[in-house]
Amino acid sequence: MTGYSHSPMNSGPSTENRHRVVIIGSGFGGLAAARALEKADVDVTLVARTGHHLFQPLLYQVATGILSVGEIAPSTRLVLRDQKNVTVALGEVDQIDVTARTVHATAGHVDFELEYDSLIVAAGANQSYFGNDHFEHWAPGMKSIDDALELRSRIMGCFEQAEVTDDEEERRRLLTFVVVGAGPTGVEMAGQIAELARRTLKHSFRRIDPARARVILVDAAPAVLPPFGNRLGNAARARLEEIGVEIQLNAMVTDVDYYGIEVKDPDGSRRRIDATCKIWSAGVQASPLGRMLAEQTGAEVDRAGRVLVNKDLSLPGRPEIFVIGDMINLDNLPGVSPVAIQGGKYVAKQIAREVATGRSPAARRPFKYFDKGSMATVSRYSAVAKIGPFQLQGFIAWVLWLLVHLAFLIGFRNRVITLLSWGLHMGDHRSHLNSTARWAYGRQALARAEQSAERETDRATADRDTDRAPAD
């Protein structure tokens with residue numbers, strides 16, 4: 001039975017006369033807002049569906065065995081434990097009532113409610129399959145720790161099964177890895193799988209040569225890394241091809257199943273790529289909380305579910321509700337961590353100032369994003385970076401990428417351990433490729449059984465339709 005807390009958990013005596021701020025999400029934006037409110041005369045409750053702060057730009061390194069989970073996902077409670085005006089709650093927010101100013105969430109079988117005077121919604125985004133949500137079962141995305149561990153098991157499971165099978169067709173399918181989406185995540189993932197196969201796993205198997213694995217990067221767009229421009233995109237493509245990645249552009253994925261994917265080429269023809277391991281990094285969809293808020297406030301949302309916010313990141317007619325990070329549509333801002341961090345700090349500043357001075361929300365200055373540039377790593381010693389008018393590639397960009405990502409990690413210990421892990425990686429050593437039989441084979445067996453069941457159902461339906469067809 002579900003237990004429901006009728007009395008909001010943040011309405012006790014200690015918060016009776018203080019401004020209550022509820023933050024939804026423990027990502028870059030939510031955490032930045034919470035920390036920026038440390039000295040404000042407010043009580044903050046941060047509610048998130050995970051108990052950690054995920055450094056998402058390095059998630060692919062967990063999926064490919066370079067880093068461990070703990071290095072990029074510290075406990076949110078431990079990060080904020082010394083900030084006395086913050087309460088952390090683990091729960092999935094499923095309802096926001098903007099009239100009553102309450103947030104409803106569930107933690108396992110327990111329901112609870114939070115009252116707010118100011119609300120910061122930083123729930124982020126999920127993987128988008130552009131209306132083909134059934135693709136997710138066969139081609140998982142990479143937005144969470146669970147996703148990264150799942151992908152690591154699939155990748156290593158394919159090598160392990162290829163080592164023991166005697167079926168050459170099955171072996172080829174097992175040793176074909178398809179990454180859908182040639183943006184930063186797809187490029188980084190494809191590059192790391194190629195290096196894993198050609199360098200790290202070299203001489204580790206007796207019946208297969210991991211270097212013979214095919215790594216295919218597929219995208220419906222005509223270029224690699226479109227936001228970086230032609231020069232850097234072409235440099236990234238050249239480096240990927242140098243380490244053995246096959247690039248297939250202008251190829252739209254039309255179907256995905258257990259055995260592979262189907263793509264449509266520009267001439268309209270369709271073809272299959274047989275592959276057991278498929279990884280999706282082709283798009284994102286904002287949290288459904290954005291549409292929930294829009295329905296109650298009259299705000300608009302775009303096709304990706306992002307909310308069209310005011311210049312101060314608030315919602316129309318609701319100055320007490322802010323939306324930040326990947327959930328906003330404002331001035332074509334990209335869905336990257338600096339936008340979320342700067343947005344979180346900006347919103348916290350507005351709340352703290354208005355609480356301290358009684359200043360009207362109408363006096364807020366608009367949010368201005370300072371673009372510090374974009375960067376993506378392609379392989380060891382090689383990256384691309386676009387910083388204002390400067391475009392860097394190769395080793396210099398890679399060193400800059402290392403320094404920036406180390407600086408943004410939470411905690412000195414995590415920075416040191418990550419630096420050591422990267423040092424070992426330079427010597428072809430990955431400390432976190434561990435897997436279990438359940439990880440390596442169990443999920444594949446379930447997926448294969450489901451695929452067979454679907455085929456049997458389709459065949460039975462076709463036979464039934466044939467039987468019912470009238471004779472000529």
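The following dialogue examines how several descriptions of this predicted model follow from computed values.

Trainee: Why is L225 called buried?

Mentor: Buried means under 20% relative accessible area. L225 has 0% relative accessibility, so L225 counts as buried. This residue is found in the loop between β11 (214-218) and α8 (229-242).

Trainee: What makes the phi of L225 worth a remark?

Mentor: Phi of L225 is near 50°, a positive value in a residue other than glycine. Most residues other than glycine have a negative phi.

Trainee: Which other residue has a positive phi, and why is Y381 called partly exposed?

Mentor: Y381 has a phi near 65°, again positive in a residue other than glycine. Partly exposed covers values between the 20% and 50% limits. At 36% relative accessibility, Y381 therefore counts as partly exposed. Y381 lies in the loop between β22 (374-379) and β23 (382-387).

Trainee: Why is strand β3 called mostly covered?

Mentor: Seven of the seven residues in β3 (residues 42-48) are buried. V42, V44, L46 and A48 point one way from the strand, while D43, T45 and V47 point the other way, and all are buried. In a regular strand the side chains alternate between the two faces of the sheet.

Trainee: How do you know that β3 pairs with β2 and with β4?

Mentor: Two strands pair if there are at least two bridges between them. Strand β2 (residues 19-24) and β3 are joined over six bridges in the parallel sense, and β3 and β4 (residues 86-90) over five bridges, also in the parallel sense. Both counts therefore satisfy the requirement of at least two. As for individual positions, H19 has V42 in β3 as its bridge partner, and V47 stands opposite A89 in β4.

Trainee: What do β2 and β3 make together with helix α1?

Mentor: With α1 (residues 28-36), they make a right-handed β-α-β unit.

Trainee: How do you know that the length of helix α7 agrees with expectation?

Mentor: The expected span is 1.5 Å times one less than the number of residues. For the 17 residues of α7 (residues 184-200) this gives 24 Å, and the end C-alpha atoms are 22 Å apart, which agrees. In addition, 13 of the 17 residues of α7 are buried, so the helix is described as mostly covered.

Trainee: What makes the contact between E92 and R49 a salt bridge?

Mentor: The limit is 4 Å between a side-chain nitrogen of Lys or Arg and a carboxyl oxygen of Asp or Glu. The N to O distance for E92 and R49 is 3.8 Å, so the pair qualifies. E92 lies in strand β5 (residues 92-97) and R49 in the loop between β3 and α2 (59-63), so the pair ties together parts that are 43 residues apart in sequence.

Trainee: Why is R49 called exposed, whereas E92 is called partly exposed?

Mentor: Exposed means over 50%. R49 has a relative accessible area of 52% and is therefore exposed. E92 is at 37% and so counts as partly exposed.

Trainee: How do you know that R318 and E320 form a salt bridge, and is E320 buried or exposed?

Mentor: The closest N and O atoms of R318 and E320 are 3.1 Å apart, and the limit is 4 Å. E320 has a relative accessible area of 8% and is therefore buried, whereas R318, at 22%, counts as partly exposed.

Trainee: What makes D274 and R272 another such pair?

Mentor: Their closest N and O atoms are 3.7 Å apart, so the pair meets the 4 Å limit. D274 is at 39% relative accessibility and so counts as partly exposed; R272, with 40%, is also partly exposed. The structure holds 23 salt bridges, and R18, D41 and D43 are linked in a network of them.

Trainee: Which residues have the most contacts inside the largest nonpolar core?

Mentor: They are I72, I155, F159, M189, L217 and V245, in a core of 69 residues. Helix α5 (residues 145-164) gives the most to this core, with nine residues. Leaving aside neighbours within four places in sequence, the contacts of F159 include L175, F177, L196 and L201.

How values were computed: Residues numbered from 1 in each chain as written. Predicted model: local features only at pLDDT ≥ 70, side-chain atom pairs only at ≥ 80, totals over all residues. Heavy atoms only, no water. Buried < 20%, exposed > 50% of the residue type's maximum accessible area, 1.4 Å probe, protein only. Helix = DSSP H or I, 4+ residues; strand = E, 2+ residues; numbered from the N terminus. Right-handed = clockwise from strand over helix to strand, strands pointing away. Core = buried A, V, L, I, M, F, W, Y, C linked by side-chain atoms within 4.5 Å. Contact = heavy atoms within 4.5 Å.
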